Amino acid sequence: MKIATWNVNSIKARLDNITDWLKSADPDIACLQEIKTVNDGFPYMEIEALGYNVAVHGQKSYNGVAILSKLPFDEVIKDLPGEDLLDDGADDQARYIEAVVSGARGPVRVASIYLPNGNPVGDAPDYSDKYQYKLRWMDRLRARAQSLLPYEEPLILAGDYNVIPYARDVHDPVGWQGDAAFRPETHAKFRALLNIGLTEAFEQMDGREHQYTFWDYQRGAWQNNQGIRIDHLLLSPQAADRITDFQIDKFVRDGTKPSDHVPVIGTFDL
DNA sequence: ATGGCGATCTGCGATCGA
């Protein structure tokens, strides 16, 4: 079972890139982030025509996440518990959607995650509202993951974490050290998430330096390979024990009108 | 030091991303 994550930076602007990639990569499940549309604006017809069921948690202009799956959804859950609930009970930022499908050996749980960027950071010790929101969101994600681990299911938390785990995951560690994606507080929250018992698929399967998943549109970042690795697959033990392959589809960044992120794919014996 | 690129909105430039 191929399970992918990709921050597409608008599903409407990227529809041709996405359908081309789905046809060639042929993932069973694709977690998308930054679809930048309300649910009604999602191109259901074009995606369903490729054989996918679609679960969408959209939002106007910003954010928005989705899960595409060739297997039918047994369950779909939107938003993390914790805060920012509106009157209708929904989060005011659409950044999390989780689904369960039935694999050959039983249930497989997958989440599509768009973790807040958090910049600008502001000044210590209070920091900006945006950075505090990021750190709180990481706490909420950890709490959700911790509540799921007792199910002992294959669990894949896939998404744009806006976290650069290590210095080897960024072209210019010194230049990025104050960034919300690379600060000590961010690293501490990311470690806390891993330390409940999750494995980062890249670290288990690859671990090389400079394997980036994002290159800025500006300053020739792609041409100069000035990237960062911020898109991750975090795995429960039951998923980590079943992963057989891991790849970053870097070639997608060379296409016409590309997203600034590229797809990350794990293959699982599930 | 410096947001230089790209998407969205109902705009006639602003805001946001990372």
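Tutor: Let's start with a rule for sheets: two strands pair if DSSP finds at least two bridges between them. Helices (H or I, at least four residues) and strands (E, at least two) are themselves DSSP runs, numbered from the N terminus. The model above is predicted, with pLDDT of at least 70 needed for local features and 80 or more for side-chain atom pairs, while totals for chains, interfaces and linings use all residues. Residues are numbered from 1 along each chain as its sequence is written, chains are lettered from A and ligands numbered from 1 in the order in which they are written, and side-chain values use heavy atoms, with hydrogens and water left out.

Student: Then in what order do the strands of the open sheet that includes strand 14 run?

Tutor: In general, strands of a sheet pair through backbone hydrogen bonds, either parallel or antiparallel. Here, six strands make an open sheet with mixed pairing, in the order 3-4-2-1-14-13. Strand 3 (53-57) and strand 13 (243-248) each have a single partner strand, so one side of each lacks a neighbour in the sheet. The twist averages 15 degrees from one strand to the next; axes are lines fitted to C-alpha atoms, for helices over the stretch in contact, and angles run from 0 to 180 degrees between N-to-C directions.

Student: In what sense do strand 2 and strand 4 pair?

Tutor: Strand 2 (residues 29-33) is antiparallel to strand 4, over five bridges. To find the register, look for Cys-31, which stands opposite Ile-67 in strand 4. Then look across the sheet: helix 1 (residues 15-25) lies over strand 1 (2-7), strand 2, strand 4 and strand 14 (264-268), and runs at about 160 degrees to strand 1.

Student: Is Leu-68 buried or exposed?

Tutor: Buried means under 20% relative accessible area, exposed over 50%, and partly exposed in between (1.4 Å probe, protein chains only). Leu-68, found in strand 4 (residues 65-69), has a relative accessible area of 0% and is therefore buried. Beyond its neighbours within four places in sequence, Leu-68 is in contact (heavy atoms within 4.5 Å) with residues including Leu-22, Ile-29, Leu-32, Phe-42 and Tyr-52. Ile-3 is 65 residues away from Leu-68 in sequence, yet their C-alpha atoms are 9.8 Å apart in space.

Student: What is the strand order in the open sheet that contains strand 8?

Tutor: That sheet also has six strands and mixed pairing, and its order is 5-6-7-8-12-9. Strand 5 (75-78) and strand 9 stand at its edges, each with a single partner strand, so one side of each has no neighbour in the sheet. Strand 5 and strand 6 are antiparallel over four bridges, with Glu-75 opposite Val-100 in strand 6. Helix 4 lies across strand 9 and strand 12, at about 30 degrees to strand 12.

Student: How many salt bridges does a search of the whole structure find?

Tutor: Side chains of opposite charge can pair when their charged atoms come close. The cut-off is a side-chain nitrogen of Lys or Arg within 4 Å of a carboxyl oxygen of Asp or Glu, and the search finds 15 such bridges. One of them joins Glu-98 and Arg-144 at 2.8 Å, N to O. This pair links strand 6 (residues 96-103) with helix 3 (residues 129-148), the two residues being 46 apart. Glu-98 is buried at 1%, and Arg-144 is buried at 18%.

Student: Which residues are linked with Asp-169 in a network of salt bridges?

Tutor: The network links Arg-168, Asp-169, Glu-200, Glu-203 and Arg-229. Arg-229 and Glu-200 meet at 2.6 Å, N to O, and both are buried. Arg-168 bridges to Glu-203 at 2.8 Å; Arg-168 is partly exposed at 27%, as is Glu-203 at 28%. Asp-169 sits in the loop between strand 8 and helix 4 and is buried at 0%.

Student: Which residues are closest to DNA strand B?

Tutor: Taking near as one heavy atom within 4 Å, 22 residues surround DNA strand B, the closest being Ser-10, Ser-61, Asn-117, Asp-216 and Gln-218. Sugar and phosphate make up 66% of the atoms of DNA strand B that come within 4 Å of the protein. A polar side-chain atom of Ser-10 is 2.4 Å from a phosphate oxygen of DNA strand B, and one of Asn-162 is 3.1 Å from a phosphate oxygen. For a base, look at Gln-218: an N or O atom of its side chain is 2.7 Å from a base nitrogen of DNA strand B.

Methods. A polar contact is a pair of N or O atoms within 3.5 Å; within protein, one must be able to donate a hydrogen and the other to accept it, and residues adjacent in sequence count only if both atoms are side-chain atoms.
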